[in-house]
Amino acid sequence: MSKTVILADKTELTALEVSGATQYIQGSNRDALTFVFAASEGMEAMDAAFSPDNCETITIRDGSEEYTHSGYTVRGGLSKAPVLVMPETADAPAVYEDRITVTMGQRTYVETLLAQIMAANVS
C-alpha cells in the first residue's frame, strides 16, 4: 500500500514503501528513513525534493494514520536500481521494475545545537 510523503515545503509524493532503521551516515549512527518510489518520479526530481530544508519536517500519511518526523536533513543515499516485484514461477519469468530509493538521516544532538546557534546568529 502506498504512502503519502509530505515535505516541509508542502510537496506531496507517493512512496511505494517507507521504512526506518539506524544507519551509519556521514560518520554517525543515525535514525534514518528510507523512501522507495517508482522510477517514473525521476532521479532529478527526488534529488531536488529531498533537500535539507525540505526535510526539516517530513509527514508520512498511511491511510488514516499520520506521522511527523523532524530533522531528517542528512542525505544517506539516492539510487535507482531494479527490484524484484514478481518472482519467477514455472510458467513465467521473474519481473523486475526500476525503483528510486532515498535515505535521509536525522541530525545528531550536536548538529541540532549547532544549527540553533547558527540560526540565532543570523537573526
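**View 1. An open sheet of 4 strands with antiparallel pairing, in the order β3-β4-β8-β7.** The model shown here and in the views that follow is predicted. β3 (17-25) and β7 (74-86) stand at the edges of this sheet, and each has a single partner strand, so one side of each is left without a neighbour in the sheet. From one strand to the next, the twist averages 30°.

**View 2. The antiparallel pair formed by β3 and β4.** Strand β4 covers residues 28-38 and is joined to β3 by 9 bridges, the two strands running antiparallel. Within this pair, Y24 stands opposite N29 in β4.

**View 3. The hairpin of β1 and β2.** Strand β1 comprises residues 3-7, and 4 of its 5 residues are buried, which leaves the strand mostly covered. Strand β2 (residues 12-15) runs antiparallel to β1 and is joined to β1 by 4 bridges. Opposite V5 stands L13 in β2. The hairpin has 4 residues between its two strands, and K10 in the turn has a positive phi of about 75°.

**View 4. The pairing of β1 with β5.** Besides its bridges to β2, β1 pairs with strand β5 (residues 57-62) in the antiparallel sense, over 4 bridges. Here L7 stands opposite I58 in β5.

**View 5. The largest nonpolar core, with its 18 residues.** Which residues of this core touch the most other members? They are V5, L7, L13, F35, F37, F50 and I58. At least two residues of the core are supplied by each of β1, β2, β4, α1 (43-49), β5 and β8 (95-105). The facing residues of the preceding two views thus recur here: V5 and L13, as well as L7 and I58, are among the core residues named above.

**View 6. The surroundings of F50.** Residues up to four places away in sequence are not counted in this view. Beyond them, F50 touches L7, L13, F35 and F37, four residues that are listed with F50 among those touching the most other members of the core. The remaining contacts of F50 are with C55, R75, V102 and M104.

**View 7. Confidence of the prediction along the protein.** The mean pLDDT of the protein is 94, and 99% of its residues reach 70 or more. Confidence is highest in β8, at 97, and lowest in helix α2 (residues 109-122), at a mean of 88. Where pLDDT is low, predicted coordinates should not be read in detail.

Methods. Residues numbered from 1 in each chain as written. Predicted model: local features only at pLDDT ≥ 70, side-chain atom pairs only at ≥ 80, totals over all residues. Heavy atoms only, no water. Buried < 20%, exposed > 50% of the residue type's maximum accessible area, 1.4 Å probe, protein only. Pairing = 2+ DSSP bridges. Axes fitted to C-alpha atoms, helices over the stretch in contact; angles between N-to-C directions. Core = buried A, V, L, I, M, F, W, Y, C linked by side-chain atoms within 4.5 Å. Contact = heavy atoms within 4.5 Å. pLDDT = per-residue confidence, 0-100.
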